[in-house]
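Here is a note for a student who is beginning to read assemblies made of several chains. Please keep the structure in view and go through the numbered points in order.

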Amino acid sequence: MGTAALFYWIMLAGVALYAMTGVLDAGRKGMDIVGACAIGMATAAGGGTIRDLLMDRPVFWITDQSYLLVSLGTAILAFFLHRVIQLPPRLFLILDALGLALFTVSGTQLALAAGTPWLVAGFMGLITGVAGGVLRDILCNDIPLIFLPGQLYAIAAAAGAAAVVVMHAAEFSHQLAATIGFLVAAGLRLAAITFKLHGPEWQPRGD
Amino acid sequence: MGTAALFYWIMLAGVALYAMTGVLDAGRKGMDIVGACAIGMATAAGGGTIRDLLMDRPVFWITDQSYLLVSLGTAILAFFLHRVIQLPPRLFLILDALGLALFTVSGTQLALAAGTPWLVAGFMGLITGVAGGVLRDILCNDIPLIFLPGQLYAIAAAAGAAAVVVMHAAEFSHQLAATIGFLVAAGLRLAAITFKLHGPEWQPRGD
Amino acid sequence: MGTAALFYWIMLAGVALYAMTGVLDAGRKGMDIVGACAIGMATAAGGGTIRDLLMDRPVFWITDQSYLLVSLGTAILAFFLHRVIQLPPRLFLILDALGLALFTVSGTQLALAAGTPWLVAGFMGLITGVAGGVLRDILCNDIPLIFLPGQLYAIAAAAGAAAVVVMHAAEFSHQLAATIGFLVAAGLRLAAITFKLHGPEWQPRGD
């Protein structure tokens, strides 16, 4: 199996994982199967969809419906089997960190390949990684979790995206830039979970 | 009047009906005329707009502003006259079921005509039928109603879309596929209201 | 400095101002720096982004990343320095009225130049002026402020957009149409603040 094929399967695995997190949130909100599928699919495909709309590219799951099939199938399975199949929370967080890093790096490289300016490219990577979760929270009528104080998430993704952008500017190979970007994002996210690293918080006016 | 013209007028009627439901929700939230028009128009045009953005087609109400005129005009009328003109709730539900079926079938056929894969086509039909209501609920700061347990709504639309997709694959005529799809979606929705049919609900973990 | 350059700098100032309002709202919600930047950027760029997506134009901040740099930079500064630097509330409202008028007029003219029908053009101007604030409120999990009873905001913008559309139809020069549209929108908004002008409110059914 070549690198491209491996990458394709890893992306599908990431989509399935994100869909699963969406379904669990839908369940917590007491939604039925329609809500579970909608939230699951929005979480899985939302980031890439918003990126593609902004960049005026064909939306990735319209061209290749495997992504839709996988996210819908995962959502239905997770809806019916969530009491039987359970991932340990620790494993869940680790897989989510890998998915975050993967989506962010791939989105950044895709934007760089399309010739967008550097800040736009990093921002597209960040959107690919985190906008699905934001869409999930909006559909669940919550304040997006990543906007609230907590262990580094979007900042870890942004650091990974920045690493890719810098290495691209320094003309390193795509593979090396992707690898380093992935390690930075995933590593920082896992470190944030382990060592409880937080970003700067709001300092209310002391009156 | 030819079939195309008849279809056009039916679509405008559907847009007006959806706009009306949006205004009533805006009123329930205590919004002013700006909110009423915004929610009315989002409900009426939201589904088709999201479909067109995803499929990279010209947004339907930009090409032909009749849809915008009808939804805005209906919203303003409904805002000022809602105490005078009232539809009986039963009639309202029936008209809404017809609108749902009409929008879903037309969206599915439009996507099939554009050559999208089958699951994408059905999903586009579903979005055309229900995404306006989801957008309405988000703008009203509610959890989308169709995601919560209740009488079949999105599932009825999905069944109609599936009927269209299957009949398209079996090479039936467009007219027949549209008719059957419409009857499936509208029939299932009306049956759901009459017989209180529900979709699968979330089974919380029994700890 | 030519008119085009002046206009460009005024637009960047408007973007910075809108970003600042977003950050203050994010702070009120207890968000961290990620939330502040996201809400700031969504407020600043949301309206123009939605306009560009609907009209199938290249999104303005992808072509020229200055807008992204300015909104992100302003958001970060406002996040850390909001206790030090404060705009008097009155000045804030005046600047916001000028930004509203500027964005609305520029959006309307942009749509007219692209040949959209008149109601669509006015609506695009309105979206450019107010949709960023609507997006901000959705991301903050609030009902959009401009949908609730209060001093004229969207109606002031709509009046300015209407003035531009009418003057365009009457074949006045672009400069004159823009000036009058700007004065109508800003003037009406400032009058609404000063004299507490409200739009029509919902009349609940008296049962």
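1. In this predicted model, chain A can be laid on chain B by a turn of 120° together with a shift of 0.0 Å along the axis, and the fit has an RMSD of 0.0 Å. Within chain A, the C-alpha nearest to that axis belongs to Asn141(A), which lies 3.8 Å from the axis. The two copies use different surfaces, for 14% of the contact residues of chain A recur in chain B.

2. Chain B, in turn, can be laid on chain C by a turn of 120° and a shift of 0.0 Å along the axis, with an RMSD of 0.0 Å. This is the relation of a three-fold axis. Of the residues of chain B, the one whose C-alpha comes closest to the rotation axis is Asn141(B), at 3.8 Å. Here too the copies use different surfaces, with 14% of the contact residues of chain B recurring in chain C.

3. Where chains A and B meet, 21 residues of chain A are in contact with 26 residues of chain B. On the side of chain A that touches chain B, helix H2 (33-55), helix H4 (66-81) and helix H6 (118-139) of chain A each supply at least two residues. Which helix gives the most to this side of chain A? It is H2(A), with five residues.

4. As for the classes of residue, the side of chain A that touches chain B has 13 nonpolar residues, along with five polar and three charged ones.

Terms used. Residues numbered from 1 in each chain as written. Chains lettered and ligands numbered in written order. Predicted model: local features only at pLDDT ≥ 70, side-chain atom pairs only at ≥ 80, totals over all residues. Least-squares fit on C-alpha atoms with pLDDT ≥ 70 in both. Contact = placed C-beta atoms within 7 Å. Helix = DSSP H or I, 4+ residues; strand = E, 2+ residues; numbered from the N terminus. Nonpolar A, V, L, I, M, F, W, Y, C, P; charged D, E, K, R; others polar.
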